[in-house]
Amino acid sequence: MPYAYIHYPFENVELFENNFPGHFVAEGLDQTRGWFYTLMVLSTALFDKPAFRNLICNGLVLAEDGKKMSKRLKNYPPPSEVINDYGADALRLYIINSPVVRAEPLRFKKEGVYSVVKDVFLPWYNAYRFLVQNAKRLEIEGLPPFTPIDQSILQKSSNVLDQWINSATQSLVHFVRQEMDAYRLYTVVPYLLKFLDNLTNIYVRFNRKRLKGRTGEDDCKIALSTLYYVLLTACKSMAPFTPFFTEVLYQNLRKASKASEESIHYCSFPTVEGEVGHRIEESVNRMMTIIDLARNIRERHNKPLKAPLKEMVIVHPDADFLEDIAGKLKEYVLEELNIKSLVTCNDTLKYATLRAEPDFSALGKKLGKSMGAVAKEVKAMSTEEILAFEKVGEITIAMHALKVSDVKITREFKPPGNVKVEDMDAKGDGDVLVVLDLRVDESLYEAGVAREIVNRIQKMRKKAALEPTDLVEVFFKSLDGEETKTREMLEAQELYIREALGSLLLPSDFLPPHAVVFAEESFHGIANLSFTITLARPALVFNSDALVKLYGGNAKSARGLQAYLLTRDHHNLKAEFQLGEGTINVGCIEDVAPVDVVSGEHVFLTVGDYFTSTRVAQ
């Protein structure tokens, strides 16, 4: 701390006393005997107190082999190369998240900087990109440009994942403020990693239908607005750590909000607003534990997620959690795990047996020769004794007091009496047990086929380099002899397919000759089926008889109208029909008076519209 340069104590007494001791000093570990020691000696001698309130001491950055970085040996990557490859923000986060900020040495690895890009920036950017894509989609569909809903309204959202991510965001702000106040730089990045993982793998993943507008325009705007404010708050919280990356995101995010600063670095640091929902955060965390356990059971029995299962049972003693999982969170669990029904149970012994084992590593030295006798009695404990021990937390065996940490309690799966062992399996973690019914019936087979087909279509979209906002129509052709049976099976699964694709799965017979095909691929042996999938741009379908009638029987003029409409940009044509409430006036056909063309009568804007109308007519 400077004592002399402001001429204290002869001048600036108030200035000095208001700022002494300093809030913090930062130096390398190699200055312990120099700078730190000198500051402490002078301050103690002059003022009888330390010269600083907080100390940030960084360790030494070493080469990857543990040696000092040397220009002669060139045992480190050039800093300019690291920054050019991965960016200054990635380098900064890598160092902040390393032992070096805890006064410990760091063996610098360029791969570590890449890991920051892969684990932090890519998930973060993907969540941001998903928001931008779906905000643009609103305009493509002819709706007004995206403007976020007021935060006070969003706080009252009835959607459980909106409530959860809002609470998790407030927890992030609180944590970053708390850790920065305590000068603990190294705790922030791990917490941010967990937050971003939750944002992308829970909120965005589980809310895809809402964000894509498949649950209604109003619900879509609530979900998009929630994601917008979460990303904005995360950027403001992390701006001191990643100044360049957050600035790039902010410059685009601010376009949707009129009252915003010119730069993210002009913005005030976020403050905690509203209540943190500890219960909903805990319930969602437990939900993810359940999903992980169920996935493990599937993997153990070679049951891929595309194959639906009949039922899962969740066993847990907490009534509040069971209420959440059977209510607000149920649809997300069932959809993510592809399971038809969910049952909760608070009887921990219905599907499990309890067994007690002594923790030999903890008890060995303490009990000595008595270990054998105690171990025998611990293993012989009844279920009632184990439950009482878990509740009280202590038990006396052979005159020795044992605590919960001395005994391992394991829960082993016990299938119901009327179920074969191979038809049901379970996996537990702590006090939660997940039980899966592995039996398959015909309805589950049909649902599995639908999943397989949707999976192939999504892979085709990706292979064709189609953006999520690109509208396509999907055509299906069975290559098997029993085409009628396949069609009936797909019709039974139509609701799922339509929700997953955002459009109908159309018979290949309805593909117009003028349709622009993006991709076509045949598949064999998929769930014992062979079929061809065609992805095409939305195409017009004409009611030729109605068009000829529109022109008083003049077929040539009707063909001219068709040719004209086919030259029009599909998006603009659709917008024009919407503006005219389903009707447009066409007057460009030579030697013919203008006519009113009606959507759904003279022309259908998509094959899906035409297909739906034919089914209604039937």
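This passage walks through two nonpolar cores and two sheets of a predicted model.

A good place to start is the interior. The largest nonpolar core holds 89 residues, and those that touch the most other members are W124, L231, M287, M312, I314, I325 and L436. For I325, leaving aside residues up to four places away in sequence, the contacts are M287, I290, I314, K330, V333, L342 and T344. A second core, separate from this one, consists of 23 residues, among them V474, L501, I533 and L535.

Turning to the sheets, one is open and has 4 strands in the order β6-β5-β12-β11, with mixed pairing. Its edges are formed by β6 (339–345) and β11 (424–429); each has a single partner strand, so one side of each is left without a neighbour in the sheet. From one strand to the next, the twist averages 20 degrees. Strands β5 (residues 309–315) and β12 (residues 432–437) run antiparallel and are joined by 5 bridges, and E311 is found opposite D437 in β12. Helix α13 (residues 319–326) packs on this sheet, where it touches β5 and β6, and its direction makes about 165 degrees with that of β6.

Another open sheet of 4 strands follows the order β14-β13-β16-β15, again with mixed pairing. Here β14 (505–507) and β15 (517–526) are the edge strands, and each has a single partner, so one side of each lacks a neighbour in the sheet. Neighbouring strands are turned against each other by 30 degrees on average, direction ignored. Between the antiparallel strands β13 (residues 473–478) and β16 (residues 529–536) there are 6 bridges; K477 has T532 in β16 as its bridge partner. Helix α19 (residues 483–492) lies across β13, β14 and β16, and runs at about 145 degrees to β13.

Note on methods. Residues are numbered from 1 along each chain as its sequence is written. This is a predicted model: local features need pLDDT of at least 70, side-chain atom pairs count only at pLDDT 80 or more; totals for chains, interfaces and linings use all residues. Side-chain values use heavy atoms; hydrogens and water are left out. A nonpolar core is a set of buried Ala, Val, Leu, Ile, Met, Phe, Trp, Tyr and Cys residues joined through side-chain atoms within 4.5 Å. Buried means under 20% relative accessible area, exposed over 50%, partly exposed in between (1.4 Å probe, protein chains only). Contact means heavy atoms within 4.5 Å. Two strands pair if DSSP finds at least two bridges between them. Helices (H or I, at least four residues) and strands (E, at least two) are DSSP runs, numbered from the N terminus. Axes are lines fitted to C-alpha atoms, for helices over the stretch in contact, and angles run from 0 to 180 degrees between N-to-C directions.
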